[in-house]
Amino acid sequence: MKRFVMHNRFFWLFLVVMFALPVLPHPVHVPEYWITLLNYIGLYSIVAIGLVLLTGIGGMTSFGQAAFVGLGAYATAYLTTQYGVSPWLALIVGVVITGLVALVLGLVTMRLSGHFLPLGTIAWGLALFFLFGNLDMLGKYDGINGIPVLNVLGIDLESGRHIYYLIWVVVLLSVLSVQNLLNSRMGRAIRALRGGGMMAEAMGVNTGWMRVVIFVYAAVLAAVSGFLYAHLQRAVNPTPFGLNHGIEYLFMAVVGGVAHVWGAVLGAAILTVLQDWLQTLLPKLLGENGNFEIIVFGILMVLLLQYARRGVWPFVARFFPRGPQAHVPEHAEALPQRSKPATGEMLLTVNKARKQFGGLVAVNDVSFEVKAGQIIGLIGPNGAGKSTTFNLVTGVLQPTSGEITFRGQRIDRLTSREIVARGIGRTFQHVKLLPTMTVLENVAIGAHLRGHAGVLRSVAKLNAAEEGRLMSEAAKQIRRVGLEQHMYDEAGSLALGQQRILEIARALCCDPTLLLLDEPAAGLRYQEKQQLAALLRKLREEGMSVLLVEHDMDFVMNLTDRLVVMEFGTRIAEGLPEEVQKDPAVLEAYLGGVE
Ligand code: ADP
Ligand code: MG
């Protein structure tokens, strides 16, 4: 708590200084020159904040942000000078146009694989730059002059000192909006996009759409910056919206620390001041004119990637508040639960499921079933096809032929997102969690489909009641699996056994009727295995059904109700564990082969 107070003291001091700067009296009077620089830092920060969301947190690279800035700038320049439209209406038009363009661009490029987005944004950045420069109505390369002065509450923002306040209020609001977004159901889904999004999809997140959403969000922030830019300069031309400026914005986010919202402001400040300084220093040193600072930036980038991958922000982070973190409320209404099947009811049937990878038959017409209240073990030596079978049931892969039904409905053509929505929760053979987020936040990702608040409600903090319900559900599942001492610890700090148990809690948050676990005991110590087995027995007593893919014969022996044994893609035995254990085919294939 003390540390928290100290954080805030620095932060408030920072705010007070920022807001006092333009009005300080004579001895410490800040020259116009520095106010101008600060204005640009603010404008660039707004764009870089969007990039932190998009690149640092969402894992997508855009070189086209400058073009979005241009859209916002040109929209207000054109509408206010040609039609005498109110700048505020022009702001809305600019934001809507930018949002729509980003939506279309996002929808087109996100469907393609990873590298197409950066390429798409480069193409888009170049195309828009030339469009600005060649359209008669936008004044070609001369641009548009005579943009009116902004007026806020009757005050004309004519001088740099006046618009300074508007710019920095927008910077603050941008930081807060992104922080609010990140600390919400949507934000947890966004943070789960890193690493390919397979885990996020398995928790019901529409990752493709989520990517489009943050792409649009970042573009809109850029357009707002462009709007302010146009009214600061009172003129626009295409140069500041070119591709090289798109690269500079990205550079600002990287320098600041690409995963931290405040890092964007720091990065914008460092680069703007450095650029200003180098632009006067280098030509003097070299005795020639030219954009030599580009070379210095290039070298700086290499050094940064080598020695401070996380940017400069981590070095100053301790002076700033960490931003709000999720907590468990005292009281929250419980989330609704789906109707649960009666014990013994048929849950999952796998009927002659087959999966071929080219000529390899990884799963060869395998059949088995899981009834409510059972723990079924799927075992077999390495390469037997267990994980592939697991992936068929969870929708990661689709069977070549055969049928899979869950609670009477075909699920073999559904995506993993649709399957978790029907009540199958899963964990991963290689633990997939967000190491810097708390256990609580990680587990809450599992409850994604049980909340509804979207981006706008999250940004405006109108999601508090729902957040409370989601957090109290997450806390309930954390207590259920016995991890309550670690509720607020970073997930990455847990031992492997605890991380696997965290994944079970996260899967339980989906309100599943069937739990699928892929090798949950792999890599665990003896005692951790015992704890895991005890947990699974407890869950069964509470009515949960479990399908367990496992390599470790001892682990499944005293735990499972029935065993299905696979070898080379084929089911070679099925039955009670004691029977299967004595089956000559199993002894030969499984035990003989591996141990
Ligand atoms: P297990 O989980 O039982 O160790 P897997 O299901 O991972 O086995 O693999 C079964 C067989 O299918 C192996 O021979 C493996 O090499 C092959 N296989 C698995 N996934 C793929 C894939 N995506 N493409 C091609 N072959 C695969
Ligand atoms: Mg496997």
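This report describes the overall build of a predicted model and then turns to its aromatic pairs and to two individual residues.

## Overall build

The protein chain of this predicted model contains 23 helices and twelve strands. Its C-alpha atoms fill a box of roughly 90 × 55 × 50 Å, taken along the principal axes. Of the 595 residues in the protein chain, 54% count as buried, and the chain exposes about 26500 Å², of which carbon and sulfur atoms supply 61%.

Among contacts in the protein chain with a separation of 6 or more, 75% come from residues that are 24 or more positions apart. As for charge, the protein chain carries 48 positive and 43 negative side chains, and the centres of these two sets lie 3 Å apart.

## Aromatic pairs across the chain

A pair of aromatic rings is described by the distance of the centres and the angle of the planes. Across the whole structure, a search finds 19 aromatic pairs. One of them is formed by Trp 88 and Phe 227, whose rings lie 5.6 Å apart from centre to centre with 45° between the planes, an arrangement that counts as tilted. This pair links distant parts of the chain, since Trp 88 belongs to helix H4 (residues 87-111) and Phe 227 to helix H9 (residues 207-233), with their positions 139 residues apart in sequence. The two partners can also be described by their accessibility: Trp 88 has a relative accessibility of 33% and therefore counts as partly exposed, whereas Phe 227, with a relative accessible area of 2%, is buried.

A further pair joins Phe 132 and Phe 241, and because the ring centres are 6.1 Å apart and the planes meet at 70°, it is classed as edge-to-face. Phe 132 lies in helix H5 (residues 116-134), while Phe 241 lies in the loop between H9 and helix H10 (243-256), so the pair ties together parts that are 109 residues apart in sequence. Phe 132 counts as buried at 3% relative accessibility, and Phe 241 counts as buried at 2%.

## A ring cluster and a charge over a ring

Phe 132 and Phe 241 also belong to a cluster that is linked by ring pairs and includes Tyr 40, Tyr 44, Tyr 74, Tyr 229 and Tyr 249. Elsewhere, an aromatic ring is accompanied by a charge: the charged end of Arg 426 sits over the ring of Phe 428, at 4.0 Å from the centre of that ring.

## Thr 207 and Ala 589

Thr 207 is placed in helix H9, the helix that also holds Phe 227. With a relative accessibility of 8%, Thr 207 falls under the 20% limit and therefore counts as buried. Leaving aside residues up to four places away in sequence, Thr 207 touches Leu 193, Gly 197, Ala 200 and Glu 201.

Ala 589 is found in helix H23 (residues 584-594) and is buried, with a relative accessible area of 10%. When residues up to four places away in sequence are not counted, Ala 589 touches Pro 381, Glu 567 and Ile 572. Between Ala 589 and Gly 373 there are 29 Å in space, taken from C-alpha to C-alpha, and the two residues are 216 residues apart in sequence.

How values were computed: Residues are numbered from 1 along each chain as its sequence is written. Chains are lettered from A and ligands numbered from 1 in the order in which they are written. This is a predicted model: local features need pLDDT of at least 70, side-chain atom pairs count only at pLDDT 80 or more; totals for chains, interfaces and linings use all residues. Side-chain values use heavy atoms; hydrogens and water are left out. Rings of Phe, Tyr and Trp (its six-membered ring) pair if their centres lie within 6.5 Å; planes under 30 degrees apart count as stacked, over 60 as edge-to-face and the rest as tilted. Helices (H or I, at least four residues) and strands (E, at least two) are DSSP runs, numbered from the N terminus. Buried means under 20% relative accessible area, exposed over 50%, partly exposed in between (1.4 Å probe, protein chains only). A charge sits over a ring if NZ of Lys or CZ of Arg is within 6 Å of the ring centre and within 35 degrees of the ring normal. Contact means heavy atoms within 4.5 Å. Accessible areas come from the Shrake-Rupley method with a 1.4 Å probe; for residues, only the protein chains shown count as cover. Lys and Arg count as positive and Asp and Glu as negative; His and the chain ends are not counted. The place of a charge is taken as NZ of Lys, CZ of Arg, CG of Asp or CD of Glu.
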